[in-house]
Every structure is written in C-alpha cells, then in structure tokens.
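This report introduces a protein chain to a reader who has not met it before. The sequence and the model are shown first, and a description follows.

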Amino acid sequence: MVTEDLGWPRTGGLCPVRLLEVELGEGVPALPAAPGPRRTTVLVRLHGQPLGMVEIEALAAELPAAELAARITDRLGEAIAKHLEQDGLAVPDELVAAVPECLVERRAFLERAPFATVVVATRDRPDRLADCLESLLALEYPQYEVVVVDNAPRTEAAAELVRDSFAARGVRYVREERPGLAVAHNRGVEEARGSVVAFTDDDVLVDRLWLLELARAFEAGENVGCVTGLILPSELETSAQLVLEHFSRLAKGFSRQLFDTGANRPASQLFPYAAGLFGSGANMAFSAEALRRVGGFDPATGTGTRARGGDDLAAFFDVVSLGYTLVYEPAALVRHRHARDADLRRQLFDYGAGLTAYLTRTVVGRPARMLDIARRVPRGLAHGLGRRSTRNAGWQALVPRELVRAERRGMLYGPFGYLAARWGRP
C-alpha cells in the first residue's frame, strides 16, 4: 500500500503553518509575507477540485504571483494537465475563460440530486456547533435537511442554540439520552428522510461543495454504499494541533479511490480490515439502503463508550463486506478544527483503542474471521508498529515517543473496552 505524499512538512520541526487556498480558475495571487518560522501551505484547487498542496518556506517578503504559479506548476503540473484534459481544455490559458466540462457535469447532477440528510452529533460544544451549522447552511445543494443529535448533554446549550438561531432555517434538533457516538448516529438515521445520509462532526467546517460531491460520488461506481471525503485542518498554530495532524493521518490523498471485494480490491494484504484506509467518520455518507442492510452503527463502539472509538471503521468494514463499493472522493472536502489545547495522550489512546475495539468487534460478530485475521497478524503488526511502515514513516520523528506509547496502550485496551461496552458493563 502506497501512502500519497500530501505535501505536509516532513522536516524542520513542528513550526506553525499558515493555511491558504488558491483556485486556479480565478488566477494565482501573490502571497503576502509570513516572517519568522511560520511556513505556508497552499491548497491548490481547479474548478473546485482539490489537486494537492504546495509548501512555501517562511516569507520575509511578498511572493510574486508568477513565482507562486511556477511552484504550483512544478509540484502539481501533472495533476493540472490531467484535469484540463478531462475538461477538454488544451492549455492553461483557457483556465479562466472557458466553461469546463466538470462544471457542466456538476450543474447537471444538481438537476437530479437526491434528497439528502446531514447528521451532526454533538455534546456540550455550542460554539463549535454554531460554526458547523453555518457552514452546512451555505452548501450548494438543492434539497437537504440538517439533523442535530444532542448526545447525553449536560446542559441545554445546544437545544437553545438550535431553537434560537437555526430552527427557523430548517435545522432539526433531537435529544438522545444514551451516550455514545454510534448511538447518536443511529438516532440520526432514524430521523433521516434522505436517501443519502451524510455525517460530520460539530468541530468541522464543510466546504460549500461538500454534500454535492459526496452525493455525486455515489455514481462513481457500481453498487456504491458509502462515500468518504478529504479532511484537512482548519488551522495549524499550536503544538497540539501540529502533532495531531501528523499523527491522525485524516487526509487520505487527492485521488479518487474505489474499494470493494471485486474489481476494486486493493493489493494490500490487510484489506478489508485496515478500514482506516477508507476514510474517517468526520466526513462520510451512506446510502440509506446500505445503512439499513448493515444494521446501522454498532452501539458498543464510538466516542462516549468504553470502546472509545471504532464506530466509523466498523461501518466501513460492514458495507464493503456486504459487497458494496466504497468511494473515497477528495472533492468532498471538510476542515477539521483540531483543538488548540488537546489532551494528546488521551486522544491518541482513544485512536489506538478504537482500532482494536473495531477489530475485536469483527471477530465477535463472526468468529470464523479469527483464522483470517490471525493469518494477517504479522503483516498487521509490521504495518501498525514498524517505524518504517507506510503508516508510520515520516511522522514518528516529529511526535513524542510518549504519544506513540499512548496509542499502543490504547491498542491493548481496545478489545477489553469493546467487550465491556458490548456486555453493558460500566
């Protein structure tokens, strides 16, 4: 399995990074100065499609537009040329003037777009929820609903926020007293009226094309049951944010990928158990039919349970195992708001716990899988723990060893946490 180079800094330590975007269809601007150790990472888009990122060193003076354009071409020239060819545009000079084929196709899809439901689970974070909902209400999509599921809240803040600021704009609020992200998502599915059900988190800001590209990707292959998308950070200013971005590996690249057990089966010997390859729960959508067939999300998994996570991985695994195709679509873009002062030990412990909780769940659900998993254990250990594996290469030198150990302690805990959650133990 080859990990795509996303363009994040690999050397020089964990310095703050200024995050900018450039839409080539609107021309390349000059970059203002950013003195000091701060680097700049530019997300490059063409007709809304993310193509990749270009890293710029600290700028003591303005970087001229021509120089930035040259650097973009140097790094992403092949991706730009491929996009232009698909649009029937022969030369870059046509970027601004012509109506590209991708925009024509996007507009045509909007005429037949299915009704969709967006589910946002939340718990006691009204400020972040407000920003998330504002971004959702700015989507370019003809017919959709937003359902907020307030999961075992300790206050009435989310209810009051939706009632006072968003109910009149069509946002629905439901309260789910049973704790757990999977439980909250299942409640959202029960409330959903859409044939496509999308999920994001309350600490996410969605791109205006997010829902459109998620829904459109259900036409990217045969029998598509799930679509995931690109997750980028909204800022990288603090050490906690920088470490989390390097460690979490939320971004899965800028190329569309299809996964299934047939023609689109990847070469990885860990497929389909390495479900983190498919995407993440902060940016995912399912057909309502597929969710019904897999029985929704396992309530013994997810944040808020003893399992500490794994609900998204389990759902991805179930969909692919039932014969559906899963599509990773980078054009479906969201920005995740990494906490500035996150408890990284706890968060990385939870990542590790969620992974092995999910794997335990696959065996508990079907014990015959034990032999299949056992056969893959050596390769899985090398992938998960090896410093030079495709999973770990490039970031471990930048991440404190104590955090690596926290993730591994979580891996040891995960099976016990899942079983405790499944059996209803406190």
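On which residue is the kink in α1 centred? The kink is centred on L76 and amounts to about 85°. The model in which it appears is a predicted one.

**Helix α1**

Helix α1 covers residues 65-87, a run of 23 residues. A straight helix would reach 33 Å at 1.5 Å a residue, but the end C-alpha atoms of α1 are only 25 Å apart. L76, on which the kink is centred, is also one of the buried residues of this helix. The others are L68, I72, I80, H83, L84 and D87. A69 lies in α1 as well. A69 is partly exposed, because its relative accessible area is 25% and buried means under 20%. A30 is 39 residues away from A69 along the chain, yet the C-alpha atoms of the two are separated by 9.0 Å. After the helix comes G88, which has a positive phi, near 75°.

**The chain as a whole**

The chain contains 13 helices and 12 strands. Of its 426 residues, 55% are buried. Contacts between residues at least 6 apart in sequence join, in 76% of cases, residues at least 24 apart.

**Helix packing around α11**

Helix α11 (residues 344-365) packs against α10 (residues 311-321) and also against α13 (residues 401-422). The values for each pair are set out below.

| Helix pair | Angle | Distance between axes | Handedness of crossing |
|---|---|---|---|
| α10 and α11 | about 40° | 9 Å | right-handed |
| α11 and α13 | about 45° | 5 Å | right-handed |

With an angle of about 40°, α10 is oblique to α11. The contact between them involves L313, A314, F317 and D318 on the α10 side, and L355, Y358, R361 and T362 on the α11 side. The angle of about 45° between α11 and α13 makes these two helices oblique to each other as well.

**The loop between β10 and β11**

The strands β10 (257-259) and β11 (283-287) are joined by a loop that holds S280. Is S280 buried or exposed? S280 is buried, because its relative accessible area is 10% and the cut-off for a buried residue is under 20%. Leaving aside residues up to four places away in sequence, S280 touches I231, L250, K252, D312 and F316. P272 belongs to the loop between β10 and β11 too. The peptide bond that joins F271 and P272 is cis, with omega about 0°.

**Backbone angles in two further loops**

Most residues other than glycine have a negative phi, and most peptide bonds are trans. Against that background, two residues deserve a separate note. D124 has a positive phi near 60° and is not a glycine. D124 sits in the loop between β4 (116-122) and α4 (126-136), and is partly exposed with a relative accessible area of 22%. R308, likewise not a glycine, has a positive phi of about 75°. The loop that holds R308 runs between α9 (288-294) and α10. R308 is partly exposed, with a relative accessible area of 27%.

Definitions and conventions. Residues are numbered from 1 along each chain as its sequence is written. This is a predicted model: local features need pLDDT of at least 70, side-chain atom pairs count only at pLDDT 80 or more; totals for chains, interfaces and linings use all residues. Side-chain values use heavy atoms; hydrogens and water are left out. Helices (H or I, at least four residues) and strands (E, at least two) are DSSP runs, numbered from the N terminus. The expected span of a helix is 1.5 Å times one less than its number of residues. The bend at a residue is the angle between axes fitted to the seven residues ending there and the seven starting there. Buried means under 20% relative accessible area, exposed over 50%, partly exposed in between (1.4 Å probe, protein chains only). Axes are lines fitted to C-alpha atoms, for helices over the stretch in contact, and angles run from 0 to 180 degrees between N-to-C directions. Angles under 35 degrees count as roughly parallel, over 145 as roughly antiparallel, 65 to 115 as roughly perpendicular and the rest as oblique. A crossing is left-handed if the near helix is turned anticlockwise from the far one by less than a right angle, and right-handed if clockwise. Contact means heavy atoms within 4.5 Å.
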